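Got your viewer open? Load the model, switch to a cartoon view, and let's walk through it together.

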Amino acid sequence: MTELTNQLKESLDTQHVFIIGSKGIPAKYGGFETFVEKLTEYQVSKDIQYHVACAVDKMPKEREYEYNGAHCFCIEWRPIGAARAITYDLDALKWSLNYIEKENIKHPIIYILACRIGPFIGHYVKRIHELGGKVFVNPDGHEWMRAKWSAPVKRYWKISEKGMIKHADLVICDSKTIEAYIQREYSKYNPKTTYIAYGADTTPSPLKDDSPVFVEWLNKNELTPDNYYLVVGRFVPENNYETIIREFMASNTKRDLVIITKAEGSFLSELENKLHFSNDPRIKFVGTVYDQDLLKKIREKAFAYIHGHEVGGTNPSLLEALASTKLNLLLDVGFNREVAENTALYWEKEIASLNSLIDGIDLHFKDTEKISLNNPMSRVEAKYSWHHIDDEYSSLFHLMIQGSF
């Protein structure tokens with residue numbers, strides 16, 4: 001680590017940014033993990049040094065390593081169940097503060113992803129300020145609204161969010177809708193906020209139409225290109241799988257509905273009991289796809305993408321769909337309209353809304369090229385490419401270097 005340490009000490013003008021709250025890089029899964037991966041991968045500025053907390057089940061021999069030019073440090077999960085995410089953030093924060101003191105780092109930024117440690121953050125913010133640092137927070141989406149949480153856990157999330165917003169020097173929102181909510185909900189704290197979106201990879205899949213891995217996937221699931229609607233996302237109620245499947249089953253389309261997700265447990269049984277979707281051969285749960293090139297190809301060759309997410313900010317799966325799929329049918333909520341604007345079609349949760357949209361498309365259009373919408377891929381390239389997002393973060397962090405923040 002000597003060479004890396006020397007690099008970190010190279011310039012007093014270097015802006016050190018400690019990122020806490022993701023599971024770390026290289027990214028294996030998850031929105032925040034992908035965000036940190038891309039933020040470091042697309043970094044152009046040489047005077048910003050990222051330090052990234054990385055969660056491990058067992059501490060490896062090399063506790064610190066370099067990846068994408070970032071200084072990565074390992075934090076071991078504590079074996080305490082669901083609460084381990086809270087202790088992980090706290091342990092990463094303690095490690096960062098000790099490192100800042102030891103290396104005599106000037107004007108550091110602690111960038112905390114998600115609002116898990118709100119009840120405890122006040123004590124640490126005081127210490128960070130004493131060290132000349134600032135605390136930035138990305139609140140993510142409305143975690144306290146997710147159906148998977150019990151009432152006590154939802155209350156904790158809400159209290160924790162309040163604490164994080166109250167003590168943050170800056171709240172970075174990846175959605176303008178979230179930013180408006182923060183300003184409205186916590187106006188008494190006069191929070192300082194800014195908007196920087198999540199990013200998306202806008203390069204096409206390297207796989208050809210006849211690539212064996214894609215053809216094998218099609219054959220395995222009895223699908224043909226440009227002849228299926230696609231859904232990709234976590235298998236949770238707030239992504240409105242029930243509405244999507246119910247409406248699709250009520251439609252007259254001959255196309256399939258392909259659902260890429262890890263479908264299991266009581267929620268799957270609940271959907272089957274309500275909808276009896278297994279009797280409709282068009283409804284196809286095909287499991288997960290971790291090969292990103294294959295997943296992008298699947299998006300590109302879908303007839304249309306259906307997006308039912310209603311909790312969160314700039315959703316990664318929506319950006320990925322807009323970057324790859326020609327036609328996107330989105331649940332009409334602020335988050336989704338903000339991102340897609342007039343590059344997509346919209347549906348409501350009411351009975352027959354999505355159903356009639358699907359039937360109308362199938363009746364009037366044989367292919368998506370004839371549908372008159374602005375190009376979603378161009379919008380993603382202009383507003384949500386990782387190059388653009390990295391430029392926005394670099395500009396923000398440079399304000400600290402210049403003493404303007």
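Here is a stop-by-stop tour of what to select and what is there. Keep in mind that this is a predicted model.

**Stop 1: the eight-stranded sheet**

Start with the open sheet of eight strands, whose order is β3-β4-β2-β1-β5-β6-β7-β8, with mixed pairing. Now pick out residues 64-67 (β3) and 193-195 (β8): these two strands stand at the edges with a single partner strand each, so one side of each has no neighbour in the sheet. On average, neighbouring strands here are turned by 25° against each other, ignoring direction.

Stay at the β8 end and add residues 170-173, which form β7; three bridges join β7 to β8, and the two run parallel. To see one such pair, show I172, whose bridge partner in β8 is T194.

Next, colour two helices that pack on this sheet. Select 84-103 for helix α3, which touches β1, β2, β3, β4 and β5 and makes about 130° with the direction of β4. Then select 176-185 for helix α6, which touches β7 and β8, its direction making about 170° with that of β8.

**Stop 2: a cis bond**

Zoom in on I25 and P26. What kind of peptide bond joins them? A cis one, with omega at about 0°. P26 sits in the loop between β1 and α2.

**Stop 3: the six-stranded sheet**

Move over to the open sheet of six strands. Follow the order β11-β10-β9-β12-β13-β14, and you'll find parallel pairing. Which strands stand at the edges? They are β11 (283-287) and β14 (345-347); each has a single partner strand, so one side of each is left without a neighbour in the sheet. The average turn between neighbouring strands of this sheet is 25°, direction ignored.

Select 328-331 to light up β13, which runs parallel to β14 and is joined to it by three bridges. Show L329 as sticks, and opposite it in β14 you'll see L345.

Now add residues 212-220. This is helix α7, lying across β9, β10 and β11 and running at about 100° to β9.

**Stop 4: Y241**

Click on Y241, found in helix α8 (residues 241-250). Is it buried or exposed? Its relative accessibility is 1%, and under 20% counts as buried, so Y241 is buried. Show what Y241 touches beyond its sequence neighbours: among them are V231, V232, F235, I259, F267 and L271. There's a polar spot too: the backbone oxygen of R234 lies 3.3 Å from a polar atom of the Y241 side chain. For a sense of distance, draw a line to Y111: the two residues are 130 apart in sequence, and their C-alpha atoms are 33 Å apart.

**Stop 5: K301 and D226**

Go to K301, in the loop between α10 and β12. With 15% relative accessibility, K301 counts as buried. Its contacts away in sequence include D209, F214, P225 and Y228, and also D226.

Select D226 next, in the loop between α7 and β9. D226 has a positive phi near 60°, and it is not a glycine. At 33% relative accessible area, D226 is partly exposed.

**Stop 6: A352**

Finish at A352, in the loop between β14 and α13 (353-364). Here is a positive phi again, about 80°, in a residue that is not a glycine. A352 counts as partly exposed, with 36% relative accessibility.

How values were computed:
Residues numbered from 1 in each chain as written. Predicted model: local features only at pLDDT ≥ 70, side-chain atom pairs only at ≥ 80, totals over all residues. Heavy atoms only, no water. Pairing = 2+ DSSP bridges. Helix = DSSP H or I, 4+ residues; strand = E, 2+ residues; numbered from the N terminus. Axes fitted to C-alpha atoms, helices over the stretch in contact; angles between N-to-C directions. Contact = heavy atoms within 4.5 Å. Buried < 20%, exposed > 50% of the residue type's maximum accessible area, 1.4 Å probe, protein only. Polar contact = N/O pair within 3.5 Å; in protein donor to acceptor, adjacent residues only side chain to side chain. Lists of a residue's contacts leave out its neighbours within four places in sequence.
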